[in-house]
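Please open the model in your viewer and keep the selection tool at hand. The stops below go from one residue to the next, with a pause for the whole chain along the way.

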Amino acid sequence: MFHIDIEPLQNGRDDPAELGVVADCSAKLRKLTHFAKDTCPEGISREAKKAKPAEFRAACEEGSREKAESSAFPLMPGHILASARKTLPEDGMTSTDFVWSKNGVDQQFDNLAPGSILAPDGFATVGSGPPTAIAGKFAAADRNMIRMVGDGQNPSVPTTAVELNSEIVRMVM
């Protein structure tokens with residue numbers, strides 16, 4: 001692995017780097033792109049590498065299928081997510097907090113339309129899902145919205161949703 005950074009002290013700081021390059025990343029990547037195109041104008045086909053993500057996803061789906069189809073009590077999260085996906089129209093939206101429901105949606109909830117999954121990433125905090133659902137419903141009032149939450153609830157959020165006449169289904173996981 002190599003690390004390109006304009007700041008020399010950053011090279012290899014977070015992950016070990018076999019090669020540390022001190023450079024402006026965008027300029028260096030442009031040069032590397034030209035080098036790669038000159039060296040291999042037809043590109044390199046790595047079919048086995050391309051197949052790995054699809055194979056991994058298929059294995060994950062197979063591993064989740066039994067739980068998604070089980071009606072045992074208490075209900076498994078995979079079953080709840082599968083039922084929600086079947087119920088929600090293809091262009092329906094879902095909003096999650098930065099908790100298990102976000103991970104579950106990432107892994108087990110098919111994204112069937114652009115902009116239909118409103119989920120936090122990186123810098124989001126727990127509690128970001130409810131206002132995101134209100135904003136999503138405000139932006140696309142004609143689309144159905146399911147808001148998936150854990151056990152926490154800020155009482156101001158349902159009040160705001162009612163005041164805005166937002167029809168949002170709240171699903172406590």
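Does R57 count as buried, partly exposed or exposed, and at what relative accessibility? Select R57 in this predicted model, and you will be looking at a residue that counts as partly exposed, because its relative accessibility is 42%.

**R57 and its partner**

Keep R57 selected and add D110, since the two form a salt bridge in which the closest N and O atoms are 3.2 Å apart. R57 belongs to helix α2, whereas D110 sits in the loop between α4 (100–108) and β4 (117–118), so the pair ties together parts that are 53 residues apart in sequence. D110 also counts as partly exposed, because its relative accessibility is 35%. Side chains of opposite charge can pair when their charged atoms come close.

**Along helix α2**

The structure holds four salt bridges, and further ones can be found by following the same helix. Select E47 and K50, whose side chains meet in a salt bridge with an N to O distance of 3.5 Å. Both residues lie in helix α2, which covers residues 47–69, and they are three residues apart, about one turn of the helix. K50 counts as exposed, because its relative accessibility is 56%.

Now move to E62 and R65, where the side chains again meet in a salt bridge, this time with 2.4 Å from N to O. This pair, too, lies in helix α2 with a spacing of three residues, about one turn of the helix. R65 is classed as partly exposed because its relative accessibility is 38%.

**H79 in helix α3**

Which helix holds H79? Select H79 and you will find it in helix α3, which is made of residues 77–87. H79 counts as buried because its relative accessibility is 16%. A polar atom of the H79 side chain lies 2.9 Å from the backbone oxygen of S70. If you show its surroundings and leave aside neighbours within four places in sequence, H79 is in contact with K67, A68, E69, S70 and S71.

**The whole chain**

Clear the selection and display the entire chain as a cartoon, in which the secondary structure comes to six helices and six strands. Following the sequence from its start, you should meet these elements in the pattern β-β-α-α-α-β-α-β-α-β-α-β. The C-alpha trace spans about 60 × 35 × 30 Å along its principal axes. The radius of gyration of the chain is 22 Å, whereas a compact globule of 173 residues would have one near 16 Å.

With a surface switched on, the chain exposes about 12,000 Å², of which carbon and sulfur atoms supply 57%. Buried residues make up 25% of the 173 residues. Of the contacts in the chain with a separation of 6 or more, 49% are between residues 24 or more positions apart.

**S95 in strand β3**

Is S95 buried or exposed? Select S95, which is found in strand β3, residues 93–96, and which counts as buried because its relative accessibility is 0%. A polar atom of the S95 side chain lies 2.7 Å from the backbone oxygen of G129. Leaving aside neighbours within four places in sequence, S95 has contacts that include L118, G129, T132 and A133, and also M145, I146, R147 and M148.

**Helix α1 and a surface patch**

Select T39, which lies in helix α1 and is partly exposed because its relative accessible area is 46%. The side chain of T39 reaches the backbone oxygen of F35 at 2.7 Å. To get a sense of distance, add I146 to the selection: T39 and I146 are 107 residues apart in sequence and 50 Å apart in space, taken from C-alpha to C-alpha.

Which residues make the nonpolar surface patch of about 360 Å²? For this last stop, select F2, L19, L29 and L32, which together make that patch. L32 has its place in helix α1, which consists of residues 25–39. L32 is classed as partly exposed because its relative accessibility is 33%.

Notes
Residues numbered from 1 in each chain as written. Predicted model: local features only at pLDDT ≥ 70, side-chain atom pairs only at ≥ 80, totals over all residues. Heavy atoms only, no water. Patch = residues over 30% accessible without salt bridge, like charges linked within 9 Å, V, L, I, M, F, W, Y side chains within 5 Å. Areas by Shrake-Rupley, 256 points an atom, 1.4 Å probe, with all protein chains shown as cover. Helix = DSSP H or I, 4+ residues; strand = E, 2+ residues; numbered from the N terminus. Buried < 20%, exposed > 50% of the residue type's maximum accessible area, 1.4 Å probe, protein only. Polar contact = N/O pair within 3.5 Å; in protein donor to acceptor, adjacent residues only side chain to side chain. Contact = heavy atoms within 4.5 Å. Rg over C-alpha atoms; globule rule 2.2 N^0.38 Å.
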